[in-house]
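Biologist: Please take a close look at one part of this model for me. I would like to see how the sheet is put together and what packs around it.

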Amino acid sequence: GRLRMRLLLVEDDQYLVDSLKKDLQQSGYAVDVADNGIDAEYLGNEMIYDIAILDLGLPGKNGIEVLKSWRTSGNRLPVIVLTARNAWNERVDGFKAGADDYLGKPFHIEELKARVSALLHRTNQKPSEQLDIDGIVLDEEQQALNINGNQHNLTGIEFRLLRYFLLNPEKVLSKSHLTEHIYDFDSDKDSNVIEVYVRRLRQIIGKDRIETRRGQGYVFRKSS
C-alpha cells in the first residue's frame, strides 16, 4: 500500500499553513492544503486521505458544516478539529458534528503530531468484534450502535464513551475518569463535555441505562 500517510490540512491562515506543512512533511506525511470550506469538503470526499486537520473558522463554508456534510454522507475520514483554546462550546459542536479529536490554538506542533499519530493508530486498529450487553450492540467496525434492530451511527466521542461504559458495567465511573479515557491527551479537558455526551447517549439507549451518582459520576446498568 501507500507508504506515506496523506493528510488534508484545512486552514486559511497562510502563516500557520506554511509552518505546519513543513513540519508535517518532515515527519513523513504527504500534505494537501485547502484554505476554504468549499474546496475542503470536495477534497475530503475524494477518499484519498488518511486524516484531516480541520480549522473551524473558514471562508466559504465553516468547518462544522464541512464536517457535518462529510459525516451525513457516510464519510468516516478521521478528523482533528482546531478550535480557539478557550471555546469549549466549539469543541462540543465539533464532536457533535463527528470530530474524532480536537486541539486548541495556539498549540505546539509536537502535540499536533502526537495527536495525528494517536488518531491514525486508533482508526487503523482492527476492530475486535461486537460488544453486546442486554440488547445494546456496539459494532466497532461500523462505529454504530444497534438497539433492538435499530441502527444509530455515533460520533467518535459518543462511540468511545459508550464503549467504555459497556466494558465497565455496574462500576461507578467519575467524570474525570471518563474524560481520561475518551480523550487522548490531557489538554483542556472539560467535564461539561462529558455531561453533554451522557445526555446524548441517554437519548439513544434510554435514560435508565446510565445512572447519575451525585458527586461520584455515572454507572452503566447491565439490564434495563
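Modeller: Two strands pair if DSSP finds at least two bridges between them. Helices (H or I, at least four residues) and strands (E, at least two) are DSSP runs, numbered from the N terminus. This is a predicted model: local features need pLDDT of at least 70, side-chain atom pairs count only at pLDDT 80 or more, and totals for chains, interfaces and linings use all residues. Residues are numbered from 1 along each chain as its sequence is written, and side-chain values use heavy atoms, with hydrogens and water left out.

Now the sheet. It is open, with 3 strands in the order 10-12-11, and the pairing is antiparallel. Strand 10 (172-173) and strand 11 (210-213) are the edges; each has a single partner strand, so one side of each has no neighbour in the sheet. Strand 11 pairs with strand 12 (residues 217-220) over 4 bridges, in the antiparallel sense. Within that pairing, Thr-212 stands opposite Tyr-218 of strand 12. As background, strands of a sheet pair through backbone hydrogen bonds, either parallel or antiparallel.

Next, what packs on the sheet. Helix 6 (residues 156-167) lies across strand 10, strand 11 and strand 12, where contact means heavy atoms within 4.5 Å. Helix 6 runs at about 65° to strand 12. Axes here are lines fitted to C-alpha atoms, for helices over the stretch in contact, and angles run from 0 to 180 degrees between N-to-C directions.
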